Amino acid sequence: MSRSIRTITAAAAALLLATACNSASDSGGSGGGAGGGSSVRGVTDDSIKVGGIVSMTTASGYSKKDTDLGAKARFDRANAEGGVHGRKIDYLGAEDDGQDPGKNLAAARKLVQQEKVFAISPMSSVTFSGADFLQKQKVPTFGWGTIPPFCGPSYLYGFGGCMVPMPGGTITQSWPEGLKKVMGGAKGKSVAILANDNDAGTFAIRTYKQSFAAAGYEVTYAKPTVPATSVPSDWSAYTKEILRSNGGKAPDAVVSVMQTPYNIGLFTAVKRAGFKGVITDPTDYDPGLLAKSATKKALDGVHVLLTFQPFEQDSADMRQFKEDIRKTAGENVPLNMHMMTGYMSADLFLSLAEKAGKDLTVGSFQKAADGYSDTGTMVGDRRLREGQKESFGCGALVQLENGKYTVSSPFKCYEPIPFK
C-alpha cells in the first residue's frame, strides 16, 4: 500500500492490517469457477465474474443504489454484443456497504474470497476501507475517483481519473473555471466552501481551496466541520460563519462538498438568511429529488458540477447511454449521476478487458492499462496511468430552474494545476 493511502486512511488501514489475508498470485488466484478452462480467479472459458460495492442504504437516507443499475446496463449491452473476446460478463450485482467502513471491507472480502470475482466494478461509497485489501489481492477495482484511495494504487481506477490527488499530482479546474461563465469571471469574486468532518471532506477542502484560489477567486471560508454521522437540525452556526466570512459580508458563492441531505439543509438555511449569491455543489443532479416540494425549493437555482456529459447534451454516446438504461430498467426512468457512475465504471473495465486480449489474467489486464488512452468519451479523453495520479480534467455545470436542469456551463476540458 502506498504511503499516501496510509496517511489518509490511517484508521481504516489499522483495521485492514488486523484482518487482511494472504495476497493472491499474479495470475489473479485460482478457482475460475464452473466452466473451467482457466486458473485465473473469476475467469472461465466463457465468462468473467464481476461484482460491485455500493452505498445503497445510509444513516442519512442518501442512496447510491442506481449505481448498480448503471453498471448492469453497460454490462448487459456488452453481453448482447458477444461479451469480451467471447466471454460474457457474469455481473453479480452490488453489495450494500451501508456507508460503513466495516461493511465495506466485509463486502470486498466476500466478493474476492467467497465469490472469486476477477474485478470489482463499480465501487461507489465515501467509505473505502476495503481499498488496501483489494490492492493487496490484486483485484482491478473501478469507481468514481472522488476519494483518495483511487489516487495512486495500481489496481484501483477512477473512471474520470484521480479527483483528489496527492502532493505531486494535479487538480482539475473544471469547477472554478465552469463557474466563471456563471459568475462573469473570478476577479473580485469570493467563495465559501463547506464539507463534512471526515477524510473525504478534509481532502475536498484542501483540494478545492487550492483550486478556487488558483482560478482567481478569494476563498473567504473553507472548513470540513459538518458532522458526517448525522444531518444537523440547526444550521444557524454554519450559516452565520459563512455569511459573514467576506469581511463581515456574504461571499459571492457558497460551495458545498456534501451529499444531498446536507445540501438541502444548508441551502434552505442560507436562502432563509437572505443569501442571493451563487450556490453550487457536485452532488444534486437527480430528477428524482424534485418529487418533494421542499427539496425542489431548496435546490432551485443551484449549479451542480458534473464530471461527465450532461444528460441534456445530445451526443451519440449519450443517446446510447439512455437507451441502455431504458432496456435494463425495462422502462423510461429518471436519469441520475449514480447511473452514470456505474455505467462509466463498467465502461472503463470493459475497455481494458478488451485490450487485454483473449488470454485474460490480472497481469495482462494491468499491462493493458499501461499507456491506455482513448478520446471523446462521456468523461472526456481517458489516459492511463495518468488517471491514477490526476483527473481527466473535464466537467460541466447544470442549474436547476423551475423544476428542470439546464446547462449553465457546457462540458469542457481544462488544464489542471499542480496539487501542493
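Here is a short chat about some backbone oddities in this predicted model.

Trainee: Let's start with omega. Which residue does a cis peptide bond join to Ser121?

Mentor: Omega at that bond is about 10°, and the bond is cis. Its proline partner sits in strand β3, which covers residues 119-124. The residue joined to Ser121 is Pro122.

Trainee: And what is omega at the cis bond between Leu384 and Arg385?

Mentor: Go to the loop between β13 (380-383) and β14 (394-401), since that's the place of Arg385. The peptide bond joining Leu384 and Arg385 is cis there, with omega at about 10°.

Trainee: Now phi. Is His85 buried, partly exposed or exposed?

Mentor: His85 is found in the loop between α3 (66-80) and β2 (88-96). Its phi is positive, near 50°, and it isn't a glycine. For the accessibility call, buried means under 20% and exposed means over 50%. His85 has 30% relative accessibility, so it counts as partly exposed.

Trainee: What is the phi of Lys116, roughly?

Mentor: Look in the loop between α4 (101-114) and β3, where Lys116 lies. Lys116 is not a glycine, yet its phi is positive, at about 60°.

Trainee: Then why does Lys116 count as partly exposed?

Mentor: The partly exposed class lies between the buried cut-off, under 20%, and the exposed one, over 50%. Lys116 falls in that class because its relative accessibility is 35%.

Terms used: Residues are numbered from 1 along each chain as its sequence is written. This is a predicted model: local features need pLDDT of at least 70, side-chain atom pairs count only at pLDDT 80 or more; totals for chains, interfaces and linings use all residues. Side-chain values use heavy atoms; hydrogens and water are left out. Helices (H or I, at least four residues) and strands (E, at least two) are DSSP runs, numbered from the N terminus. Buried means under 20% relative accessible area, exposed over 50%, partly exposed in between (1.4 Å probe, protein chains only).
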